[in-house]
Amino acid sequence: MQSPNSALLRDRILDMDASASPNSAKIQKVFGGQDASQEKDLVSRLPDDILVHILSFLPTEDAIKTSILSKRWKYLWVSIPNFCFCDHSVWSRTMSHDLLLEVLASFFSSVESGAPVQNGPCIGKFYRWLEMPVAASRLRSWLSAAVKHNVQELKLFLPKGIEFVLPNSLFTSKSLWHFTLKMDCNLKLPGFICFSSLKYLNLRGVTFQDDQSTQQLFSGFPVLEHLTLFKCNWGNINEITIEIPTLKSLTFFEKVIFEDNFLNCKIVISALNLETLKVRGYLNVELLPCNLLSLDEASVNIEYLIDGQQEHSHRLCLLFAESCPGHLPTFYNLTTLNASMNGPYVMNDDYTSGALIYVLQKSPNLKSLILSRGFEPEDVDMIMDIVPGCFQHCLKSVLIYNVDGAAQELCSLKYLYENAPVLESLSVICSPQLTKDLEKQEEIRHELEQLRGGSGSCKIVFLPYGASL
């Protein structure tokens with residue numbers, strides 16, 4: 001017996017779908033075995049598991065529509081492993097917000113009411129992208145149901161201005177292995193946290209409340225391998241340690257700008273098996289990587305403000321001040337280092353800090369190096385007497401941005417070219433001025449080649465302003 005609410009929802013979907021697609025009624029007849037010629041409905045004669053497999057290739061909203069075809073089709077869609085509901089999807093744009101919420105409520109009520117589920121009570125993926133307000137109690141109910149039914153991949157995007165508390169059951173999920181959360185509000189955490197299966201975590205825009213709860217959060221990932229922290233708010237944090245032995249990649253992207261530019265916040269990163277480290281943004285916080293013995297690739301892209309430039313380079317342990325070289329470990333596995341500083345506020349005198357030399361000295365197997373520009377003028381004399389071992393033995397390619405041909409830059413280029421005998425490629429992305437000055441480019445090329453007796457063993461390439469590799 002179909003409930004009045006289900007029947008009403010069915011009629012509303014039919015009305016909406018009929019107006020959105022002229023062929024909807026015809027499709028319904030074919031799938032329901034009611035076409036004009038009374039031909040046999042071959043699709044409906046397929047086994048349930050085959051039908052569920054077919055439905056799994058449809059958008060979630062279209063799979064739900066099949067519930068109105070017949071009694072047999074009513075609950076088939078409940079067995080599909082992946083559910084994606086987005087306020088901006090094509091289907092949701094053709095329906096009211098209330099109806100969209102009804103569809104979601106219908107889904108979870110069907111599951112909770114004991115509707116037959118073909119492959120057991122398991123939700124492979126549940127995506128929810130909200131651009132419109134929704135009752136917090138209803139959203140928590142949906143998430144709790146997803147956790148109860150062993151959700152494996154969960155992506156939740158909440159609109160700005162909404163305060164929301166995640167259900168406690170989510171933080172002890174044993175099935176969840178991929179979790180993406182975007183919400184621009186405080187991340188309120190329960191007393192106990194253990195994501196026993198989580199391997200991928202992407203936190204976007206969240207505000208961490210305090211040291212204790214945030215430390216507890218990052219201590220609750222025993223098997224985490226990939227962590228992304230994107231535009232999070234660290235304003236309430238003084239110092240925490242992200243110590244995850246299983247972590248293989250860390251992406252730290254920061255775009256939040258505070259009035260005083262910098263926060264009194266230290267984030268220690270301890271990950272013995274970390275292979276990839278990517279840092280980009282304004283570095284409002286101070287990152288202190290340590291024990292990165294397995295690091296294979298590091299990308300440090302600082303988009304810094306006009307004021308406080310020295311503070312930005314100090315904010316990253318990989319660009320240690322000269323007084324702290326002893327704190328750096330040896331990066332035996334580091335083969336690629338991107339230490340560029342780019343962004344809308346980069347100015348012509350933004351040189352690479354000489355502190356980078358200490359990182360290069362600790363990277364004996366480095367093969368590829370990317371720099372913002374030449375070294376700072378005051379550092380040139382100092383670095384001339386220091387030649388990292390990787391320059392002598394394995395550095396194969398160098399890419400330098402924003403070169404305009406100034407005397408100090410030429411010294412930096414000569415230093416790199418002369419001290420890296422195995423260098424095979426030196427790529428220079430020119431400033432707008434040097435892009436137009438082809439004669440100056442050839443002059444620089446000639447001066448560099450003379451350092452090797454005119455040998456062409458290293459390819460020197462000048463690329464125009466704005467070029468990307």
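A salt bridge is here a side-chain nitrogen of Lys or Arg that lies within 4 Å of a carboxyl oxygen of Asp or Glu. By this rule the structure, which is a predicted model, has 6 salt bridges. Side chains of opposite charge can pair when their charged atoms come close, and three of the pairs can be followed residue by residue.

In the pair formed by Lys414 and Glu447, the closest N and O atoms are 3.0 Å apart. This pair links distant parts of the chain, since Lys414 belongs to helix H13 (residues 407–419) and Glu447 to helix H15 (residues 438–450), with the two positions 33 residues apart in the numbering. Lys414 is partly exposed, with a relative accessible area of 28%, and Glu447 is likewise partly exposed, at 25%.

Lys182 forms a salt bridge with Asp184, and here the closest N and O atoms are 3.5 Å apart. Lys182 has a relative accessible area of 26% and is partly exposed, while Asp184, with 31%, is partly exposed as well. A further salt bridge joins Glu153 to Lys155, with 3.9 Å between the closest N and O atoms. Is Glu153 buried or exposed? Its relative accessibility is 7%, and because buried means under 20%, Glu153 counts as buried. Lys155, in contrast, has a relative accessibility of 24% and counts as partly exposed.

From the charged pairs we can turn to the strands. Strands of a sheet pair through backbone hydrogen bonds, either parallel or antiparallel. Strand S6 (residues 200–204) runs parallel to strand S8 (residues 226–230), and 5 bridges join the two. Within this pairing, Tyr200 stands opposite His226 of S8. S8 also pairs in the parallel sense with strand S10 (residues 249–254), again over 5 bridges, and in S10 the residue opposite His226 is Ser249. His226 can therefore be used as a point of reference when following the strands, because it stands opposite Tyr200 on the one hand and opposite Ser249 on the other, with strands defined as DSSP runs numbered from the N terminus.

Further along the chain there is an open sheet of 3 strands, in the order S9-S11-S13 and with parallel pairing. Strand S9 (239–243) and strand S13 (286–290) stand at the edges of this sheet, and each has a single partner strand, so one side of each is left without a neighbour in the sheet. From one strand to the next, the twist averages 20°. The pairing of S9 with strand S11 (residues 266–270) is in the parallel sense and extends over 5 bridges, and one of the partnerships is that of Glu243 with Ser270 in S11.

The aromatic side chains give another way through the structure, which holds 10 aromatic pairs. A pair of aromatic rings is described by the distance of the centres and the angle of the planes. Phe171 and Phe195 form an edge-to-face pair, with 5.8 Å from centre to centre and 65° between the planes. Phe171 lies in the loop between strand S3 (153–157) and strand S4 (178–182), whereas Phe195 lies in the loop between strand S5 (186–187) and S6, so that the pair links distant parts of the chain, 24 residues apart. Both Phe171 and Phe195 are buried.

The rings of Trp177 and Tyr200 have their centres 5.6 Å apart and their planes at 75°, so this pair too is edge-to-face. Because Trp177 lies in the loop between S3 and S4 and Tyr200 in strand S6, the pair ties together parts that are 23 residues apart in sequence. Trp177 is partly exposed, with a relative accessible area of 34%, and Tyr200 counts as partly exposed at 31%.

Ring pairs also build a cluster, which links Phe171, Phe179, Phe195, Phe208, Phe218, Phe221, Trp234 and Phe252. A charge meets an aromatic ring where the charged end of Arg204 sits over the ring of Phe230, 4.1 Å from its centre.

A last stop is helix H3 (residues 48–55), whose buried residues are Leu51, Val52 and Leu55. These residues cover an arc of only 100° around the axis, which puts them on the same side of H3.

Note on methods. Residues are numbered from 1 along each chain as its sequence is written. This is a predicted model: local features need pLDDT of at least 70, side-chain atom pairs count only at pLDDT 80 or more; totals for chains, interfaces and linings use all residues. Side-chain values use heavy atoms; hydrogens and water are left out. Two strands pair if DSSP finds at least two bridges between them. Helices (H or I, at least four residues) and strands (E, at least two) are DSSP runs, numbered from the N terminus. Axes are lines fitted to C-alpha atoms, for helices over the stretch in contact, and angles run from 0 to 180 degrees between N-to-C directions. Buried means under 20% relative accessible area, exposed over 50%, partly exposed in between (1.4 Å probe, protein chains only). The arc is that of the directions from the helix axis to the C-beta atoms. Rings of Phe, Tyr and Trp (its six-membered ring) pair if their centres lie within 6.5 Å; planes under 30 degrees apart count as stacked, over 60 as edge-to-face and the rest as tilted. A charge sits over a ring if NZ of Lys or CZ of Arg is within 6 Å of the ring centre and within 35 degrees of the ring normal.
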